[in-house]
Amino acid sequence: MTNEQRLVNQSSLLFDTLFNQYFVRLDSKPYVYMMGEHISQSDIIIHIYLSRLGIAFKYNTTTNIITSREYSDMYIDQDQWLGTLTGLTSSLLLSPLAAKHHISEYYPYRKLIVPFGKILSTRDQHKIHQTVTIDRPSSMSFSRQYFVFILNDRLQILQSTDSPTGWLYLALLHAMTSHPLPDHYTGMTGMERAFQLLNSAGCWSDQPFDELSLNILGEIASISPKVNYYPEHLTCTEKIDWNSNGIPYSMQHFGYYLIAKKLIDSSQLFNFMYPSVKTNKIPEVFQVKMHNEMLLKKLYWDYRDSYNPTARLSAEMEKDILRATSIKLYRQTLKDCSNITNYSAVRLVDDLYKNGNVNLTSCSTQNWLPLCQWLTKGSQLKALWVGLLQLADRFKREAAGKNTDDIQRFECLLKFLHYISDRCQIKPYYLQMLKTTLNVSKISFAFLTFPPFVSYTNIEQIPIVKTFIPRGECCDLCQNTLSIAELDRCWRENCEHPNVDGMAKSTEKYANNKLLKSSGCNLKLRLFLECVQSLICSVPIKQFDIKVSCSAQNFVTESLKDHYRIQMKIRNKTIEPELLQSAKHKFHQFNTYSFNQPTKSIRKTNRQKEFPQGIFPSINNKNNRPSEITNYFKKQLSESWNKLLLDDEYEKENPSTEEITQHLDLFRHESTKLYNEFSKSITLSNEQLFEAGLLFRITPTVLISLLLEKDLDPENVSSFKLTNNQYTILGGIIVNWTLEQQMERALHFATHNKREDFRNEVSHIPHSNWKPSEHIPWLVLELEMNITIREIQIKVANHMMQPNMRVDNSTVQNIVTQMNMGEGKTSVILPMLAVYLSSSNLSLARIIVLKSLFPTNYQLLRYKLGGLLNRRIFPFACRRDMNFKDQQINQIFERFKHGLRNCDIILTTPEDILSFDLLTIDKCRRKQFNVGRSMLTVQQWLKTYARDVLDESDEILHVKYQLIYTVGGQQQVDAGEERWKTIQSIL
């Protein structure tokens, strides 16, 4: 008889208590219901269902524990504080259930359930940290979506198994909960952890992002403030609109928008390889011009040095930003300077003011600085010369023979104009005339009246010219002649045109008077210039100094390599010899320590049995011709049997949990001492820089990245360079951590009575047949995935990594290995081979899997290699119906070469490779030689650099995957349809 379940009233105290304490963190009240079940008279079980998320929990009223249906060995922790994602109120923390009053400190990991929704942040003036909630309206998309994050206490990070969507959402959560002070759990700010995730390979994709991932990327981009110029058509003022959502301004990184856009752009480069994939709409934040991308790049570079190194864009993106924001360099053009100082005399009225129009400009209010303004104004000397002359005369009169500041400034200006005279096409004699006026006291213009500073038209036209006189429509030749004579008289007498007898209209009269006035002004200007010329030339002309020759200035833009970096004070702190020796032994040597010590062996019972004669047929039967063969095999088997009975069998005694716990405590204590010693060796004399966040954080993930950088590129000097002792200590710490993980797993199996798992765990000796220092990526893989690579897996991997073995005096380049099911062929050995083969610029790892297993392998490799190892997976797809263009083939080729440089991994299927080969042949047959030539180049390049690893090689090497290309027209087979009709009639 099944127990009845009754619905719990949502208005009851029990429902309100459970909902408000825990389940309000996941979803709204209408989507949560509870069912009560009486197990016994005293035990009541409350089943909690979250209908929209599709998850459930079970509350035991006796033990007061709420367990998870999806994770049966975990319960809801009463203490929901994480030490990170501070302020997030929409999440639920699960902890592992204790067994036999044994509480595991590290294993299994805790889990955090976070629903998907619109992330909102608010700031209360009475709180120092923003409050972050997740809004889940009833009409929202992806209402059933939630994410589960693993809390890795040893690495001090939250991990997601869903790549890339889970990684992106975790980065968004860290960004929204960021604070200027580092989180207690991660040891870095939320902004720093967000960029660490966004820069990792797990967030990058060469496939188009799905709608959910694009939604998350749009939210990430929105964290950057809106920037633009004011006014928009100029670049003089930068306007920054900070978001008022509670996130501190210093945490609103300018790079969020840039990296989110780069992620989307990279995912769409190879859209042509996925024609069947639905094209999702790009988030609105990238379509509406709310952000000036060029200004964002400039501001990022301006603020770059204030960000922690972890919170910066990748080196590749920074190089792109430098290329995009670099201004055109100033190229100085210099000519050989002449030693001439005595320039030829030039008449003003015959050269500078010979003809044309001029707008005389007064210089009485003109400031001589900055001098760069005269680079433009110098070419306008015709308009400025009279004003400069007036200014020089005024300074001389005001100085009364003294060398005042005004005179010194004016002389500096004249020297500069003389220096740029060639560039501005200025005749130096005019500048000499100004210098003479300034320095010679005999020259005075007190009796002269300077011409008005107005516009002059046709300054060469002083007498009345007939062609410029407007003629009336009704005037005959005689009247025109009288009009010209009248105008000539008015010009001589300097009066207006009287318009006698109404011979001219009002417009003609205005034009005549304008002509008279213009001619009069031109005459005054000419007379003034001739008088000035004669006065200045009556005294010796002052000379300029000889121009100093100089070399052209060289301007360069600062490269990323040469950009200033905060330099650490490196001090050779002596590391404790005992700790260093221990780290050397663990990191550079084989491991000999084992749980199952040979000294603790148990002898098995020696069971003597007779040889089983019945397994062979009777040999007395003379009709049995193969009796000799039977006797031979009987003899061989009998000898083996007797030898087996003579040997004693032993099995190693399994260690007790107390012994494992004791060893675990010793390893943890040593790891702590090693970690503290390593930290002191780095932070010594740099404590304030580390505390201020100007140098990298001393956290496990950052330190592991330093170790991998040194392993991939020992000569790399772009970041902090580890010394050999620091390198050894850090390696010893990671080896210790992997050994601790194995002990923790063994204790977990023992306390949960999983005897078979326990025996398997303690039977493996980590690093017994490989040195961690020679395969650091494998060591990091063990640590991040919480596994121990078995001896047999190392043997298989080493065997597969030898491409040129010598067997019977011949070179073997292809290796096939058979393994039993469940020995980690796909989950362990394949990632090991991929990361090893891609660790060099000499080979590009290409993993070939069956089409049916492609999605599984793609997610598995992204999860295992996209985190700390930071290896991107490029899924190569090709079909016969694709019509590749030359540009697309070049894009694929560049991606392959980029993968070779950056240690990426290609994942593909046999069908994709064959389709590409067949398309190459097809392009050549169709005489599309440009595309065909490019495809042949890619094929040849892959033959040189690609190292293929075939998973399920027995199936992939089947004859059906051989290259078959049909040519000619389609024809019927012999006998046609009679073939199957005949077979059908017989059957």
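**Cores, a buried helix and a covered strand**

Set aside the neighbours within four places in sequence, and Trp778 is in contact with Trp770, Ile789, Ile794, Ala797, Asn798, Met801, Met832, Val835 and Tyr836. The model is predicted.

Trp778 belongs to the largest nonpolar core, which has 78 residues. Together with Phe696 and Leu865, Trp778 ranks among the residues with the most contacts inside that core. Helix 21, spanning residues 724-751, gives the most to this core: 13 residues. Apart from this core lies another, of 66 residues. Its members include Val132, Leu170, Met191 and Ile259. In soluble globular proteins, nonpolar side chains tend to be buried together.

Now turn to helix 13. This helix runs over residues 428-439 and has 12 residues. From first C-alpha to last, helix 13 reaches 16 Å, close to the 16 Å expected at 1.5 Å a residue. Is helix 13 enclosed or open? Helix 13 is largely enclosed by the rest of the structure, because 11 of its 12 residues are buried. Among them are Pro428, Tyr430, Gln432, Lys435 and Thr437.

Strand 21, residues 844-848, is also mostly covered, with five of its five residues buried. Leu844, Arg846 and Ile848 point one way from the strand. Ala845 and Ile847 point the other way.

Which strands pair with strand 21? Strand 24 (residues 946-950) is joined to strand 21 by five bridges, and the two run parallel. Strand 23 (residues 905-908) is joined to strand 21 by four bridges, again in parallel. Arg846 has a partner in each: Asp948 stands opposite in strand 24, and Ile906 is the bridge partner in strand 23.

Key: Residues are numbered from 1 along each chain as its sequence is written. This is a predicted model: local features need pLDDT of at least 70, side-chain atom pairs count only at pLDDT 80 or more; totals for chains, interfaces and linings use all residues. Side-chain values use heavy atoms; hydrogens and water are left out. A nonpolar core is a set of buried Ala, Val, Leu, Ile, Met, Phe, Trp, Tyr and Cys residues joined through side-chain atoms within 4.5 Å. Buried means under 20% relative accessible area, exposed over 50%, partly exposed in between (1.4 Å probe, protein chains only). Contact means heavy atoms within 4.5 Å. The expected span of a helix is 1.5 Å times one less than its number of residues. Two strands pair if DSSP finds at least two bridges between them.
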